[in-house]
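Q: Could we go through the helix packing and some of the residues in this entry? Please begin with whatever term is needed to follow the burial values.

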Amino acid sequence: MEDKSTIKEFADRVIGLKNKSITDEIFLLIQNDKDLMREYLRLVDKNKLDTVNKLIGKRIKERYGLTNDVGRNECPESTLISSHQEFE
């Protein structure tokens, strides 16, 4: 017999882990793609770094319908950000 509640809890836990790292992963995509990095640098040149990064973070939250978690990642892998909000 299937234990759907256990499967749902497991899936929710795994998705929650992904949500905690999604911002870092998006910035790594930018960082590791020559064309995206070039465009990112142009945006940073025309705007402030904090403005660009904060707006990207807000857009990630909106697009994926995420909710802020209490935690903040202070050691992201991407060198484009020094920290980022974690999501539930």
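A: A residue counts as buried when its relative accessible area is under 20%. The model shown here is a predicted one.

Q: With that cut-off, is Ile30 buried or exposed?
A: Ile30 has a relative accessible area of 11%, which is under 20%, so Ile30 is buried.

Q: Which element holds Ile30, and what does Ile30 touch?
A: Ile30 lies in helix H1. Leaving aside neighbours within four places in sequence, Ile30 is in contact with Leu36, Met37, Tyr40, Ile56 and Leu80.

Q: How far is Ile30 from Glu88?
A: The two are 58 residues apart in sequence, and their C-alpha atoms are 23 Å apart in space.

Q: Turning to the helices, how do H1 and H3 cross?
A: Helix H1 covers residues 4–32 and helix H3 covers residues 49–64. Their axes come within 10 Å and cross at roughly 120°. H1 and H3 are therefore oblique to each other.

Q: What is the handedness of that crossing?
A: H1 passes H3 in a right-handed crossing.

Q: Which residues make the contact?
A: From H1 the contact is made by Ile22, Thr23, Ile26, Phe27 and Ile30, and from H3 by Asn53, Ile56, Ile60 and Tyr64.

Q: How do those residues divide by character?
A: In the contact of H1 with H3 there are 7 nonpolar residues, 2 polar and no charged.

Q: And what about H2 against H3?
A: Helix H2 spans residues 34–46, and the axes of H2 and H3 come within 7 Å, crossing at roughly 125°. That angle makes H2 oblique to H3.

Q: Which side chains are involved there, on either helix?
A: H2 contributes Tyr40, Leu43 and Val44, while H3 contributes Leu49, Val52, Asn53 and Ile56. The residues of this contact of H2 with H3 divide into 6 nonpolar, 1 polar and no charged.

Q: Moving on to aromatics, how many pairs are there?
A: The count comes to 1 aromatic pair. The rings of Phe27 and Tyr40 have their centres 6.4 Å apart and their planes at 85°, so the pair is edge-to-face.

Q: Where do the two partners sit in the chain?
A: Phe27 is in helix H1 and Tyr40 is in helix H2, 13 residues apart, and the pair links distant parts of the chain.

Q: Are Phe27 and Tyr40 buried or exposed?
A: Both Phe27 and Tyr40 are buried.

Q: Back to H3: what can be said of Ile60?
A: Ile60 lies in helix H3 and is buried, with a relative accessible area of 6%. Not counting residues up to four places away in sequence, Ile60 touches Ile22, Thr23, Ile26, Leu66 and Phe87.

Q: What separates Ile60 from Arg72?
A: Ile60 and Arg72 are 12 residues apart in sequence, and 15 Å apart in space from C-alpha to C-alpha.

Q: One last residue: where is Asn19, and is Asn19 buried or exposed?
A: Asn19 has its place in helix H1. At 11% relative accessibility, Asn19 counts as buried.

Q: What is Asn19 in contact with?
A: Neighbours within four places in sequence aside, Asn19 is in contact with Leu66, Phe87 and Glu88. Leu66 and Phe87 are also among the residues that Ile60 touches.

Notes
Residues numbered from 1 in each chain as written. Predicted model: local features only at pLDDT ≥ 70, side-chain atom pairs only at ≥ 80, totals over all residues. Heavy atoms only, no water. Axes fitted to C-alpha atoms, helices over the stretch in contact; angles between N-to-C directions. Helix = DSSP H or I, 4+ residues; strand = E, 2+ residues; numbered from the N terminus. Parallel < 35°, antiparallel > 145°, perpendicular 65-115°, else oblique. Left-handed = near helix turned anticlockwise from the far one by under 90°. Contact = heavy atoms within 4.5 Å. Nonpolar A, V, L, I, M, F, W, Y, C, P; charged D, E, K, R; others polar. Buried < 20%, exposed > 50% of the residue type's maximum accessible area, 1.4 Å probe, protein only. Phe/Tyr/Trp six-rings, centres within 6.5 Å; stacked < 30°, edge-to-face > 60°.
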